[in-house]
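Here are a few exercises to help you practise reading a protein model. Take each one slowly, and compare every step with the picture.

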Amino acid sequence: MNNLTAYDPEQLARQIKTWGVELGFADIGITECDLSAYEDGYFSWLDKHFHGEMDYMQAHGTKRTRPQELVPGTLRLISVRMNYFDGTAANALQQLHAPERAYISRYALGKDYHKLLRKRLQQLAEKIRLQVPDLQFRAFTDSAPVLEQAIAEKSGLGFIGKNSLIIHPRAGSWFFLGELYVNLPLPVDAPFEKQGCGPCDACIRECPTQAIMENNQVDARRCISYLTIEYDGVIDESLRPLIGNRIYGCDDCQLVCPWNRFSAFTNEQAFAHRAPLDNSELLQFFSWTEEQFLKHFEGSPIRRIGYAKWTRNLAVALGNLVQTNPDAHSTHVLQKAQQAVDDKIGLLNEMVDIHLRWASERLRIGLQQRLAEKKPLDSIAVELKPIEEISPFKVRKYHYPQNRKAK
Ligand code: B12
Ligand code: SF4
Ligand code: SF4
């Protein structure tokens with residue numbers, strides 16, 4: 001530990017921020033290890049079983065809220081954020097409001113972020129070690145019992161919004177978080193003390209499954225992100241229609257957030273969208289074999305969910321095609337969808353089959369109704385429901401980064 005005194009902490013903290021930016025981080029903050037203000041919130045979330053089947057969220061006791069229990073000797077937490085919104089990807093709203101198309105959350109259109117962020121954090125630590133050879137550190141991103149949002153808020157990277165995400169008033173929320181736990185007594189940054197949502201509650205109102213509960217805690221069991229990515233089982237039948245065409249994750253509580261007008265696009269080539277992920281039809285994805293799935297998703301976070309859950313999610317979205325407007329085009333799509341769904345029943349496992357049978361039945365009933373109700377185009381046009389009443393394919397005000405057109 002001798003060398004720990006041989007540097008100027010103020011100067012090193014400034015250098016860490018400069019190096020961090022050079023390594024592609026959009027912001028870097030430093031805080032100490034006392035997360036006690038967040039401990040009750042975290043345990044009350046667990047007590048309500050809002051974590052669902054994410055056992056890893058409760059497996060580590062107080063290690064998540066007490067950094068020194070996870071990494072003894074830690075004195076400071078360096079929090080970083082990296083933008084991931086790719087401004088060149090197809091428009092999220094258009095994809096979200098076209099039920100025959102597949103919506104994939106913006107963070108998953110490019111390469112998996114875990115490796116990239118950890119590598120950059122490692123590089124940052126190596127630069128610090130050149131100045132302080134006795135540096136001890138651990139690098140994390142979404143990979144260990146770390147309370148990333150609490151650390152980011154305390155480090156001054158943003159406030160925890162009502163949607164429970166870190167939001168910076170000048171940078172929105174389209175970024176990943178990562179941390180370095182270090183044994184250096186660096187000066188700390190001012191925390192974000194003011195919650196910046198004010199009277200806005202757009203995310204709470206717009207959440208398709210009403211997953212944002214009191215105290216702005218997200219009940220993961222209702223959240224589409226959990227249901228389509230983390231959850232391995234049978235999705236509750238009452239929630240399936242609300243999922244719409246979101247086949248991997250969900251962004252609605254960020255798309256509606258006014259602070260995201262101020263977010264910036266990513267500069268990382270790794271997060272650039274891979275065609276056709278940003279702009280594909282459900283049936284195109286559904287036609288992929290397991291081999292094609294594995295090939296297309298090499299290096300992508302989507303590969304982690306496996307082919308069975310991928311098929312389950314697509315089955316739910318195909319079953320939701322019946323929520324589209326009853327025009328001739330969609331009737332044709334329904335017929336194709338039902339055939340494709342029926343062809344996959346019995347090929348994977350019972351969990352997937354339950355969703356396939358559900359989709360098939362909905363498509364069958366939807367088709368029957370449409371064929372029985374065949375009316376001249378004019379009368380259909382008169383009877384069309386306003387699209388904003390058709391949940392979950394809502395058309396409301398969404399906020400894109402302002403520089404969207406600049407690229
Ligand atoms: C578990 C998890 C999920 C779960 C649960 C989400 C949740 N809100 O808890 C699911 C699978 C649903 C999920 C979804 C998503 N996630 Co996620 N997820 C995590 C993970 C692993 C842990 C989050 C956690 O600790 N939750 C526990 C609860 C208790 O935390 P909380 O609600 O924020 O509560 C805190 C405070 O609000 C406060 N508090 C809570 N209740 C109360 C009550 C009172 C009275 C008070 C005073 C305080 C208080 O204390 C709590 C502790 O800090 C983190 C990575 C990490 N290791 O931290 C990523 C992380 C939060 N996820 C991330 C992302 C990007 C997403 C998605 C956008 C992905 C997508 N597009 O589908 C969605 C967004 C959904 C949403 N609105 O949260 C990013 C967020 C980046 C950012 N800008 O903040 C993270 C940080 C991953 C990363 N490294 O970048 N996620
Ligand atoms: S990610 Fe989607 S389902 Fe989850 S809280 Fe946000 S809007 Fe609701
Ligand atoms: S949508 Fe409104 S309430 Fe929700 S996080 Fe953004 S500012 Fe806060």
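Two strands pair if DSSP finds at least two bridges between them. Keep that in mind as you work, and remember that this is a predicted model.

**Exercise 1. Work out how strand 1 and strand 2 pair, and place them in their sheet.**

Step 1. Count the bridges: strand 1 and strand 2 (residues 76-83) are joined by five, and they pair in the antiparallel sense. One example to look for is Thr31, whose bridge partner in strand 2 is Leu77.

Step 2. Widen the view. The sheet is open, has four strands in the order 1-2-7-4, and pairs in antiparallel fashion. Its edge strands are strand 1 (27-31) and strand 4 (137-140), each pairing on one side only. On average, neighbouring strands of this sheet are turned by 20° against each other, direction ignored.

Step 3. Add the helices. Helix 1 (residues 9-22) lies across strand 1 and strand 2, at about 150° to strand 1. Helix 5 (residues 113-131) lies across strand 2, strand 4 and strand 7 (175-182), and runs at about 40° to strand 7.

**Exercise 2. Find the residues that UniProt marks as "binding site", then decide: is Cys250 buried or exposed?**

Step 1. The unreviewed UniProt entry places this feature at Cys207, Cys223, Cys250 and Cys253. Although they are spread over 47 residues of sequence, they cluster in space, with a largest C-alpha distance of 10.6 Å.

Step 2. Locate Cys250 in the loop between strand 8 (246-248) and helix 10 (252-255). A residue is buried if 20 or more other C-beta atoms lie within 10 Å of its own. Cys250 has 25 C-beta neighbours inside 10 Å, so Cys250 counts as buried.

Step 3. Repeat this for Cys253, which lies in helix 10. Cys253 counts as buried because it has 26 C-beta neighbours inside 10 Å.

Step 4. List contacts, leaving aside residues up to four places away in sequence. Cys250 touches Ser105, Ile224 and Ser225. Cys253 is in contact with Asn163, Cys203, Glu206, Cys207 and Ile212.

**Exercise 3. Which residues have the most contacts inside the largest nonpolar core?**

Step 1. This core has 104 residues, and those with the most contacts inside it are Tyr84, Leu180, Leu314 and Leu318.

Step 2. Ask where its members come from. Helix 5 gives the largest share, seven residues. Domain 1 (2-89 + 110-182) and domain 2 (202-391) each supply at least three residues.

Step 3. Zoom in on Leu318. Apart from neighbours within four places in sequence, Leu318 is in contact with Leu282, Phe286, Ala337, Val341 and Ala359.

Note on methods: Residues numbered from 1 in each chain as written. Chains lettered and ligands numbered in written order. Predicted model: local features only at pLDDT ≥ 70, side-chain atom pairs only at ≥ 80, totals over all residues. Helix = DSSP H or I, 4+ residues; strand = E, 2+ residues; numbered from the N terminus. Axes fitted to C-alpha atoms, helices over the stretch in contact; angles between N-to-C directions. Contact = placed C-beta atoms within 7 Å. UniProt positions renumbered as here; feature names shortened; annotations may be inferred. Buried ≥ 20, exposed ≤ 12 C-beta atoms within 10 Å, placed from the backbone. Core = buried A, V, L, I, M, F, W, Y, C linked by C-beta atoms within 7 Å. Domains from an automatic or database assignment.
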